[in-house]
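Please open the model in a viewer and keep the selection panel at hand. The stops below proceed from a whole chain to single residues.

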Number of protein chains: 4
Amino acid sequence: MSGYAGGELARLLLRHPRLLDTPPVFVGRLGENDALPVALTSLHPQLSGLPHADESTVAAFSWKQLQRESVDILFMATPHEQSRAWVPEALAHGIRVIDLSGAWRLQDEHHRAVYKLQDMDPALAAKLQSEAVYGSPELHGPAIAHARLVANPGCYATSIILALAPLVRANIVDLDYGIVCDAKSGVSGAGKSLVPTNQFMYAADNLSAYAVFGHRHTGELLEQLNLAQDQLQFTPHLLPIPRGILSTMYVRLNERLALEEIQSRFDDFYTNAPLVRVRRSPQLPQIQHVVRTAFCDLGFELSPDGRRLVVVSCIDNLLKGAASQAVQNMNLMAGWHETEGLL
Amino acid sequence: MSGYAGGELARLLLRHPRLLDTPPVFVGRLGENDALPVALTSLHPQLSGLPHADESTVAAFSWKQLQRESVDILFMATPHEQSRAWVPEALAHGIRVIDLSGAWRLQDEHHRAVYKLQDMDPALAAKLQSEAVYGSPELHGPAIAHARLVANPGCYATSIILALAPLVRANIVDLDYGIVCDAKSGVSGAGKSLVPTNQFMYAADNLSAYAVFGHRHTGELLEQLNLAQDQLQFTPHLLPIPRGILSTMYVRLNERLALEEIQSRFDDFYTNAPLVRVRRSPQLPQIQHVVRTAFCDLGFELSPDGRRLVVVSCIDNLLKGAASQAVQNMNLMAGWHETEGLL
Amino acid sequence: MSGYAGGELARLLLRHPRLLDTPPVFVGRLGENDALPVALTSLHPQLSGLPHADESTVAAFSWKQLQRESVDILFMATPHEQSRAWVPEALAHGIRVIDLSGAWRLQDEHHRAVYKLQDMDPALAAKLQSEAVYGSPELHGPAIAHARLVANPGCYATSIILALAPLVRANIVDLDYGIVCDAKSGVSGAGKSLVPTNQFMYAADNLSAYAVFGHRHTGELLEQLNLAQDQLQFTPHLLPIPRGILSTMYVRLNERLALEEIQSRFDDFYTNAPLVRVRRSPQLPQIQHVVRTAFCDLGFELSPDGRRLVVVSCIDNLLKGAASQAVQNMNLMAGWHETEGLL
Amino acid sequence: MSGYAGGELARLLLRHPRLLDTPPVFVGRLGENDALPVALTSLHPQLSGLPHADESTVAAFSWKQLQRESVDILFMATPHEQSRAWVPEALAHGIRVIDLSGAWRLQDEHHRAVYKLQDMDPALAAKLQSEAVYGSPELHGPAIAHARLVANPGCYATSIILALAPLVRANIVDLDYGIVCDAKSGVSGAGKSLVPTNQFMYAADNLSAYAVFGHRHTGELLEQLNLAQDQLQFTPHLLPIPRGILSTMYVRLNERLALEEIQSRFDDFYTNAPLVRVRRSPQLPQIQHVVRTAFCDLGFELSPDGRRLVVVSCIDNLLKGAASQAVQNMNLMAGWHETEGLL
């Protein structure tokens with residue numbers, strides 16, 4: 001609730017046309033309770049002046065309050081341990097959940113190990129995990145509409161999966177070569193903690209690679225794209241900008257293809273996806289065009305020999321990579337149009 | 001030693017032409033001792049490859065070691081309480097001190113109160129304070145040359161004092177109006193501590209005023225310019241850049257003056273100051289031209305009615321505002337040319 | 001239409017809840033006609049995906065088309081010479097105008113001289129000029145509601161006038177001292193032209209003052225605040241950020257006042273102004289909180305002697321300083337709520 | 001002479017310890033002659049105050065003057081057509097040349113085609129081309145020492161070649177997979193021309209890929225690393241920072257190797273290269289550590305399966321990528337120590 005994605009989520013919900021008469025209820029998490037309730041604008045001063053914002057408070061979390069307020073859908077922007085613990089209870093109370101953490105994104109236990117989750121009841125955890133839907137509306141829209149538990153995707157994962165799914169699903173990628181994903185993210189992706197790498201003097205005028213061979217979004221990539229460990233390589237970098245991700249992907253094709261065939265693959269795949277904008281090759285996306293929007297922009301170039309593809313993908317990590325994708329999922333779950341409150 | 005100014009000071013000393021054969025000795029302060037000695041380049045990786053840098057270590061502080069190494073001049077880039085405590089001992093050991101903290105800059109007790117210093121021996125403290133020389137080479141060069149204790153100026157103070165001294169000393173300023181000093185500094189000025197305002201997400205794409213009516217460099221300004229409290233107003237702002245200060249000063253003149261008279265005041269005042277560059281009006285300094293240099297750039301414009309002056313001053317806060325000014329002082333104290341190792 | 005403010009204006013109009021069924025008509029100016037009509041998204045690719053955006057074109061300007069489309073209100077984001085020439089014709093066609101240029105902002109001929117306007121018919125120009133309303137909704141709301149011609153304020157002028165009007169109108173400012181306005185703006189304020197000062201390598205990691213004693217927004221300040229030339233001094237600076245203005249104003253009071261009196265002046269003055277947010281002293285606005293919003297944030301600090309005030313004001317120069325203020329004016333002219341489409 | 005690299009080169013030469021008594025002679029190129037001679041500091045105000053800088057002028061180019069001044073070595077920071085035309089004449093006058101353009105870097109005619117060079121005398125051009133030495137001191141030091149014509153490498157090429165040479169020359173790379181080079185450069189790499197992509201509003205808070213499959217440094221990479229077209233893929237990106245390149249390279253190994261074997265390859269290869277700093281894996285270089293230095297920093301990580309390598313390389317594009325590498329070459333040609341004037 002107090003983080004960057006939490007602030008963006010609050011902003012989107014306060015302005016959501018379907019929620020103007022029933023403003024969202026904000027609750028904090030356990031560790032924050034001493035200081036609660038507090039004014040929403042004391043955590044996020046930039047929200048002041050928005051509808052209902054100045055009257056809103058962030059109350060201490062309690063199931064009772066959620067029920068008293070007849071909450072239907074609970075967004076959780078909490079650490080993954082917290083999400084893992086609370087989701088069973090929320091569902092038991094009849095509350096559907098959109099979880100922004102990594103807690104429920106991974107079906108494969110081996111991939112999930114990166115989060116070091118300790119579940120109280122493994123059987124229940126397994127049952128709920130199998131029920132959880134990966135919250136990528138472009139890939140799993142119908143399942144999301146009926147889901148009780150939506151695992152909102154990671155920011156890097158969103159940018160890469162949306163770029164590669166149209167190719168991988170069409171079986172035109174030569175997976176023997178391995179796909180290289182070189183991704184670059186603005187600093188808000190690292191959250192609000194007071195660590196040296198989040199300091200201005202570290203990040204400004206700089207660029208650095210990190211978590212090479214070990215970023216925890218890797219599992220999502222492999223599961224959603226149905227790839228084996230050595231078929232995809234992902235290196236994140238820290239960009240000296242506040243928001244935005246650009247991912248550059250290097251793909252070998254099974255056979256020589258024409259540019260127009262690739263273009264059609266992308267266009268067709270996203271023909272009903274109003275929040276994915278496919279550029280005409282050789283136009284490529286850039287971060288500036290997606291920052292502060294709910295869009296994912298995609299573009300590509302094909303090598304002269306027709307065998308190698310460079311795909312570029314851009315999102316705002318706090319929006320399509322977190323808060324606006326969560327609202328997009330809420331829209332689907334509530335039966336509203338996917339883009340309500342997002343354009 | 002581990003801060004930004006300490007790193008710049010180490011860089012300047014390692015490359016100093018007079019010190020190539022007798023490289024500087026680096027010592028840490030008490031609180032850091034557990035981890036010492038450490039390689040200099042573990043604290044400042046960017047120094048690797050400079051002469052002597054990769055062999056240098058930062059040892060635990062001890063007077064014995066300083067004497068064993070026959071240290072003549074001790075630079076202290078320590079918190080002001082520390083500086084206040086150690087200086088008497090250093091002088092007693094026959095070691096001259098250039099102190100980069102605010103501990104010894106202020107003669108007026110009232111001004112010094114801002115640092116909440118608790119001296120063990122008030123009489124000794126008073127004696128040393130009266131002996132301390134404010135380390136502005138352009139204003140106090142001869143005194144610095146013979147000083148045992150040099151109080152290196154604050155960064156904001158340097159940029160403002162050098163801009164105003166030629167005018168105030170010439171008695172052409174109408175002080176009844178008060179001088180307005182609107183200063184803007186890059187983020188390194190705030191040091192390395194892990195506070196929210198030092199974070200990239202706070203400082204980037206932003207600007208904010210702070211410490212209005214209460215910045216602790218104010219005392220230096222008043223003392224060095226010989227002004228009363230209400231004759232000068234100073235507001236600092238946090239700029240979204242790593243390094244550099246630009247100060248804009250608003251001055252009323254006693255009488256109508258011609259542009260050429262003002263220009264001559266500046267030119268003459270700094271005619272023997274190789275590290276102050278006076279621009280021809282209406283050219284004005286900009287931060288870009290001084291970053292990573294030891295220069296202070298000055299410029300001004302005169303109002304059409306010849307009565308109001310806008311003076312602009314730029315320095316690199318870590319160099320002319322700290323480390324290079326300290327080396328400039330060292331050069332004077334050692335009898336070398338002021339600019340050695342600084343161009 | 002092709003500039004930064006034009007792009008923001010298009011975005012606001014496309015998303016405006018009252019215009020969803022009658023999307024705006026976009027026309028280019030004469031010099032651009034060769035290349036027209038063009039897709040709106042070819043000029044502003046970031047708008048793609050917004051309602052009606054991908055079907056919208058920018059057509060060559062013609063009065064006939066405006067009449068065919070039954071245009072009620074014409075926004076002009078054109079050079080001031082152009083605005084000066086077209087406004088009489090628009091009004092003659094019964095079309096109300098919101099002009100974003102400086103052409104119609106100034107009643108005083110002397111102030112207007114800075115724009116070097118050459119009017120064909122001085123009598124008509126004088127008549128229209130006297131009819132023109134300065135488009136500051138917080139100061140001239142009722143007049144704007146009925147105006148045929150609204151002169152949308154300059155960006156710097158907006159930030160300074162809103163900060164000073166509550167004080168100057170209450171006659172609590174000692175004008176003998178002169179008000180100092182030190183303003184800082186992001187690079188978009190300088191427009192899109194290919195000049196060296198708009199280059200990344202000039203503006204990044206830099207800060208510079210410009211147009212000292214000569215910025216053309218000065219006339220607006222003097223007229224709207226009813227001040228004489230030497231009662232206000234305004235110096236703009238170029239900030240290394242894309243968007244946002246922070247102005248710092250230095251004011252002497254006629255008499256010693258209590259903080260609460262000042263706070264009430266601001267609170268009361270803006271009690272019915274939903275797009276001005278007054279902070280509690282000693283909280284001060286910062287650029288980050290207003291960027292990409294339609295708000296003006298105000299705050300202040302009072303000196304210990306109760307006689308000097310530092311007022312800080314922040315806006316997004318492209319929104320409250322241009323496009324959103326224009327839409328705010330449109331809302332008033334159309335009888336809608338001031339904030340429609342702006343929160 | 002008026003570009004960014006030209007300014008850095010002037011700075012390095014003015015401060016070069018071997019040239020303090022015989023300062024460099026600055027000449028402009030033909031197209032600039034109308035305005036010449038001009039003060040050096042009018043082109044590069046930041047140089048003011050450096051030894052000889054304020055007396056230096058940039059004169060109109062003439063062979064006579066170069067001979068009168070007994071110029072031994074001519075640096076050419078000119079467009080490649082110009083370099084191609086003048087080099088034969090310079091050599092004929094007995095002047096050795098360090099050319100910073102791409103004119104003489106490529107032996108393979110096919111690679112050179114990208115520069116669209118039109119040589120007056122193909123035979124002479126071929127002769128000189130075969131004599132030209134690629135100015136990478138770490139790869140061709142002895143040849144550079146005796147060269148008459150040194151082709152200073154491209155900035156991207158420098159960062160990539162130094163990272164890959166130790167691996168490729170050791171034949172441990174599986175070239176069937178192709179090497180992916182994802183490179184990111186600060187804006188100064190694009191030069192000073194007034195094009196939209198050099199504007200602050202385009203580059204700031206942004207990231208974009210460009211010249212995919214077609215950047216003209218590709219030929220240098222292939223020739224220096226002795227690779228075929230499809231064995232290396234290079235995509236440059238425009239970073240929102242003034243200076244610095246970080247290249248991330250993805251390499252498959254022929255066989256499983258231990259981390260220590262890779263580390264030794266790098267360490268041994270650069271054991272006598274004082275301006276290449278090899279980091280201990282898993283430490284990786286970052287741009288901040290090389291900006292404003294003459295160093296190239298290298299680092300790598302090895303995949304858990306020991307078959308895939310990510311290599312990261314950083315340089316300052318204006319220094320090791322242009323001006324300081326040129327001075328390093330001059331040092332070798334003059335028989336001085338490689339690092340003189342560069343630390």
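Select chain A: 62% of its 343 residues count as buried, where buried means under 20% relative accessible area, exposed over 50% and partly exposed in between, with a 1.4 Å probe and protein chains only. This is a predicted model, in which local features need pLDDT of at least 70 and side-chain atom pairs count only at pLDDT 80 or more, while totals for chains, interfaces and linings use all residues. Residues are numbered from 1 along each chain as its sequence is written, chains are lettered from A and ligands numbered from 1 in the order in which they are written, and side-chain values use heavy atoms, with hydrogens and water left out.

Colour chain A by secondary structure next: 13 helices and 14 strands appear, defined as DSSP runs numbered from the N terminus (helices H or I, at least four residues; strands E, at least two). The radius of gyration of chain A is 20 Å, close to the 20 Å of the globule rule for 343 residues, so the chain is as compact as a globular protein of that length. That radius is taken over C-alpha atoms, and the rule is 2.2 Å times the number of residues to the power 0.38. Along the principal axes, the C-alpha atoms of chain A fill a box of roughly 65 × 45 × 40 Å.

Move to chain C and select helix H1, residues 4-14. Of its 11 residues, 10 are buried, among them C:Tyr4, C:Glu8 and C:Arg11. What do the buried residues of H1(C) pack against? Within chain C, their partners are strand S1 (26-27), helix H2 (40-43), strand S4 (73-76) and helix H12 (323-334); chain D contributes helix H9 (200-203). Contact here means heavy atoms within 4.5 Å.

Remain in chain C and select C:Cys181, which is buried with a relative accessible area of 0%. The closest cysteine sulfur, in C:Cys296, is 13 Å from that of C:Cys181, too far for a bond. In chain D, D:Cys296 is likewise in no disulfide, the nearest cysteine sulfur being that of D:Cys314 at 8.0 Å. Over all chains the count is 0 disulfides, a disulfide being a pair of cysteine sulfur atoms within 2.5 Å.

Finally, select D:Leu257, in the loop between strand S11 (245-252) and helix H11 (259-269) of chain D. Is this residue buried or exposed? D:Leu257 is buried, with a relative accessible area of 11%. Apart from neighbours within four places in sequence, D:Leu257 is in contact with D:Ile172, D:Ile262, D:Leu302 and D:Gly306.
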